[in-house]
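Work through these exercises with the sequence and the model side by side. Try each task before you read its solution.

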Amino acid sequence: HYHSQLSETVKPTDLLSEDISRIGDGRIRFKSISIINSEEKPSNQIYMGEDITIKIGLKVNKGIKEPRIAIYFKNQLGQTIFRPFTWEKEKDFPSIIEDFEILCKIPNLPLMQGRYYLNIWIVEYNRPSDFIESVLSFDVLGKDVFGTGRQPDHRYGGVVFVEHEWDFL
């Protein structure tokens, strides 16, 4: 039931719609979001280990100073797996006064097979301007990410895969 409710809340087509549940003062609103795959095409099906770009469009109703933007990658249980955050990468903008787009590039997406959801958030200092939960869902498809002829199997546990080596002594 929880998974089906999450799927029903995902409405990536028109983020400026009044039907979108959001939190914030509205000085800036998210107006679009998409995942761009390694072939530079929008897609909601991504392969394990694929390079992706999250493209976000913003509508400025009133400018803000020193905005901070985050994207939360959530699993089907609502747990945050990771979250790219502009402030942590020293990519804050001095001010935003007109509509614009922002790109977040993620090389070698480390997620195991499954369905995931994105939450997006923009604040001025710590004052929320816009926050939308489960704004977009996407599926990660299996792939032989280690070049062994085998795909990591999510049924054995874990939500991320990491490069590793084994030595036998």
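The exercises below go from strand pairing to single residues and then to a pocket.

This is a predicted model: local features need pLDDT of at least 70, side-chain atom pairs count only at pLDDT 80 or more, and totals for chains, interfaces and linings use all residues. Residues are numbered from 1 along each chain as its sequence is written, and side-chain values use heavy atoms, with hydrogens and water left out.

**Exercise 1. Strand β3**

Task: Find the strands that pair with β3 and decide how enclosed β3 is.

Solution:
- Step 1. Locate the strand. β3 covers residues 52–60. Strands (E, at least two residues) and helices (H or I, at least four) are DSSP runs, numbered from the N terminus.
- Step 2. Look to one partner. β1 (residues 28–36) pairs with β3 in the antiparallel sense, over eight bridges. Two strands pair if DSSP finds at least two bridges between them.
- Step 3. Look to another partner. β8 also runs antiparallel to β3, with seven bridges.
- Step 4. Follow one residue across. L58 is the bridge partner of F30 in β3. The bridge partner of L58 in β8 is F100.
- Step 5. Judge the enclosure. Seven of the nine residues of β3 are buried, so the strand is largely enclosed by the rest of the structure. Buried means under 20% relative accessible area, exposed over 50%, and partly exposed in between (1.4 Å probe, protein chains only).

**Exercise 2. Two residues of β9**

Task: Describe the surroundings of I120 and of E124.

Solution:
- Step 1. Place them. I120 lies in strand β9. E124 is in that strand too, which spans residues 114–124.
- Step 2. Check burial. I120 has a relative accessible area of 0%, so it is buried. E124 is buried because its relative accessible area is 11%.
- Step 3. List contacts of I120, meaning heavy atoms within 4.5 Å. Not counting residues up to four places away in sequence, I120 touches L15, F30, I33, I56, A70, I71, D130, F131, I132 and V135.
- Step 4. Take one of those partners. I33 and I120 are 87 residues apart in sequence, yet 9.2 Å apart in space, C-alpha to C-alpha.
- Step 5. Turn to E124. Beyond its neighbours within four places in sequence, E124 is in contact with R27, I64, K65 and E66.
- Step 6. Find the polar partner. The side chain of E124 reaches the backbone nitrogen of K65 at 2.7 Å.

**Exercise 3. Positive phi**

Task: Compare the settings of N108 and S134.

Solution:
- Step 1. Read the angles. N108 is not a glycine, but its phi is positive, about 50°. S134, also a residue other than glycine, has a positive phi near 45°.
- Step 2. Place them. N108 sits in the loop between β8 and β9. S134 sits in strand β10 (residues 127–141).
- Step 3. Check exposure. N108 is partly exposed, at 43% relative accessible area. S134 counts as buried because its relative accessibility is 8%.

**Exercise 4. The largest pocket**

Task: Which strand gives the most to the lining of the largest pocket?

Solution:
- Step 1. Consider the candidates. β5 (67–74) and β8 (100–106) each supply at least two residues of the lining.
- Step 2. Pick the answer. β8 gives the most, with six residues.

Key: A polar contact is a pair of N or O atoms within 3.5 Å; within protein, one must be able to donate a hydrogen and the other to accept it, and residues adjacent in sequence count only if both atoms are side-chain atoms. Contact means heavy atoms within 4.5 Å.
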